[in-house]
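Here's a quick tour of a model, looking at its empty space and its charged pairs. Have the structure open as you read.

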Amino acid sequence: MPTKVLVVDDDEKLRNLVKEYLEGYGYPVVPLPDGSSVMETIRSEEPGIVILDLMLPGKNGLDILKEIRLKSNVPVIMLTAKGEDEDRIVGLELGADDYIA
């Protein structure tokens, strides 16, 4: 069975585009529009990987990444429009497995 992917992005078009792309390759996708229920979803859905946007309403992606790392070792890829070196370094230092701008 393919790895389940949790996609957290507030941009509905981008979230749906990533979802459709991954589903086209057979990956089940759980989409979330914000970070309010990420930890609950990780516990209930047990994704094999999380694709996380940096700029989210409420909690930003870095705060959510910190929460994830306190309780889970699930791989996290930051997928964001913020591509400055400083942003990339902070994301990787906080525990992201990769950072794609």
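## A bridge across the chain

R69 is partly exposed, its relative accessible area being 24%. This is a predicted model, so take what follows in that spirit. D97 is partly exposed too, with a relative accessible area of 49%. The two side chains form a salt bridge, and their closest N and O atoms are 3.0 Å apart. This pair ties together distant parts of the chain: R69 belongs to helix α3, while D97 sits in the loop between α4 (85–93) and β5 (98–100), 28 residues apart.

## Two other bridges

The total count is six salt bridges. Another one joins E23 and K19, at 2.8 Å from N to O. Why do E23 and K19 lie about one helical turn apart? Because they are four residues apart in helix α1. As for exposure, E23 has a relative accessible area of 34%, so it counts as partly exposed. K19 is partly exposed as well, at 22%.

Then there's K82 with D87, a salt bridge at 3.9 Å, N to O. Here the partners fall into two classes: K82 is partly exposed at 33% relative accessibility, whereas D87, at 17%, counts as buried.

## The cavity

How many cavities of 30 Å³ or more does a search of the whole structure find? Just one. Its volume is about 40 Å³. The lining is made up of V7, V8, D9, L14, R15, V18, I51, L52, D53 and L79.

Look at where those residues come from: β1 (5–8), α1 (12–24) and β3 (49–52) each give at least two of them. The largest share, three residues, is supplied by α1. By type, the lining splits into seven nonpolar residues and three charged ones, with no polar residues.

## D53, a buried acid without a bridge

One of the lining residues, D53, deserves a second look. You'll find D53 in the loop between β3 and α3 (61–71). Is D53 buried or exposed? D53 is buried, yet it has no salt bridge. Which side chain of opposite charge is nearest to D53? That would be R15, 8.5 Å away, and R15 also lines the cavity. The cut-off for a salt bridge is 4 Å between a side-chain nitrogen and a carboxyl oxygen.

So what does D53 touch, leaving aside neighbours within four places in sequence? Its contacts are V8, D9, D10, G61, M78, L79 and T80. Of these, V8, D9 and L79 also appear in the cavity lining.

Note on methods. Residues numbered from 1 in each chain as written. Predicted model: local features only at pLDDT ≥ 70, side-chain atom pairs only at ≥ 80, totals over all residues. Heavy atoms only, no water. 1 Å grid on protein atoms, 1.4 Å probe; cavity = no way out; pocket = protein on both sides within 12 Å on 5 of 7 lines; lining within 4 Å. Points joined across faces, edges and corners; volume = space filled by probe spheres on them. Helix = DSSP H or I, 4+ residues; strand = E, 2+ residues; numbered from the N terminus. Nonpolar A, V, L, I, M, F, W, Y, C, P; charged D, E, K, R; others polar. Buried < 20%, exposed > 50% of the residue type's maximum accessible area, 1.4 Å probe, protein only. Lys, Arg positive; Asp, Glu negative; His and termini not counted. Contact = heavy atoms within 4.5 Å.
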